[in-house]
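Let's take a walk through a protein model and see how its pieces fit together. Have the picture ready and follow along.

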Amino acid sequence: MVLGEFYMITVNEYDSNYANRKQIEYKQNLSIKTHIQKYLLSFSAINGRSDTSSNHYKYERVCLLIVDFSRDIPKIYNTNDELRADGLLSEDSIASIENLSFPNFISDLLQIYTNRFGIGRFT
């Protein structure tokens with residue numbers, strides 16, 4: 001039984017011209033806001049099934065990691081405020097990462113499983 005799915009997208013795309021020379025450089029992606037908003041809306045649409053008898057296209061929980069690998073320490077975005085602060089989500093966007101982020105992914109799945117099947121019943 002699959003209760004959840006885990007996905008990752010990168011903020012910046014590797015530049016293949018540099019990669020062929022074994023160098024790491026990133027392409028400038030001027031439409032990243034549009035892409036991230038589309039991902040957030042799409043994954044939100046399949047997130048949050050609460051009843052197994054309906055919404056068969058949905059998962060109980062979807063996790064979407066949005067990661068910026070161009071930094072010395074990669075940044076994982078977990079909130080809308082973080083995305084907005086870095087210019088990755090418009091202020092007026094209805095898209096949200098709040099129910100897709102990683103921090104509560106595993107605990108949410110375990111709670112859903114426990115509510116549905118009972119405590120200590122991993123079969």
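## Helix H4 and the sheet beside it

Right after H4 comes Gly118, with a positive phi near 100 degrees. Keep in mind that this is a predicted model.

Now look back along the helix itself. H4 covers residues 105-117 and packs on the sheet, where it touches S1 and S2. Does its length make sense? What span should its 13 residues have at 1.5 Å a residue? The expected value is 18 Å, and the end C-alpha atoms sit 18 Å apart, so the two agree.

Which residues of H4 are buried? They are Phe105, Leu109 and Tyr113. Looking down the axis of H4, you'd find its buried residues within an arc of 65 degrees, so they line one face of the helix. S1 and S2 are among the elements that cover them.

On to the sheet. It is open, has three strands in the order S1-S2-S3, and its pairing is mixed. S1 and S3 are the edge strands with a single partner strand each, so each has one side without a neighbour in the sheet. From one strand to the next, the twist averages 25 degrees.

S2 and S3 run antiparallel and are joined by three bridges. One residue pair to find is Val67 with its bridge partner in S3, Ile76.

H4 isn't alone in touching S1 and S2, as helix H2 lies across those strands too. Here is how each helix is directed relative to S2:

| Helix | Residues | Angle to S2 |
|---|---|---|
| H2 | 32-45 | about 165 degrees |
| H4 | 105-117 | about 175 degrees |

Definitions and conventions. Residues numbered from 1 in each chain as written. Predicted model: local features only at pLDDT ≥ 70, side-chain atom pairs only at ≥ 80, totals over all residues. Heavy atoms only, no water. Pairing = 2+ DSSP bridges. Helix = DSSP H or I, 4+ residues; strand = E, 2+ residues; numbered from the N terminus. Axes fitted to C-alpha atoms, helices over the stretch in contact; angles between N-to-C directions. Contact = heavy atoms within 4.5 Å. Expected span 1.5 Å × (residues − 1). Buried < 20%, exposed > 50% of the residue type's maximum accessible area, 1.4 Å probe, protein only. Arc of directions from axis to C-beta.
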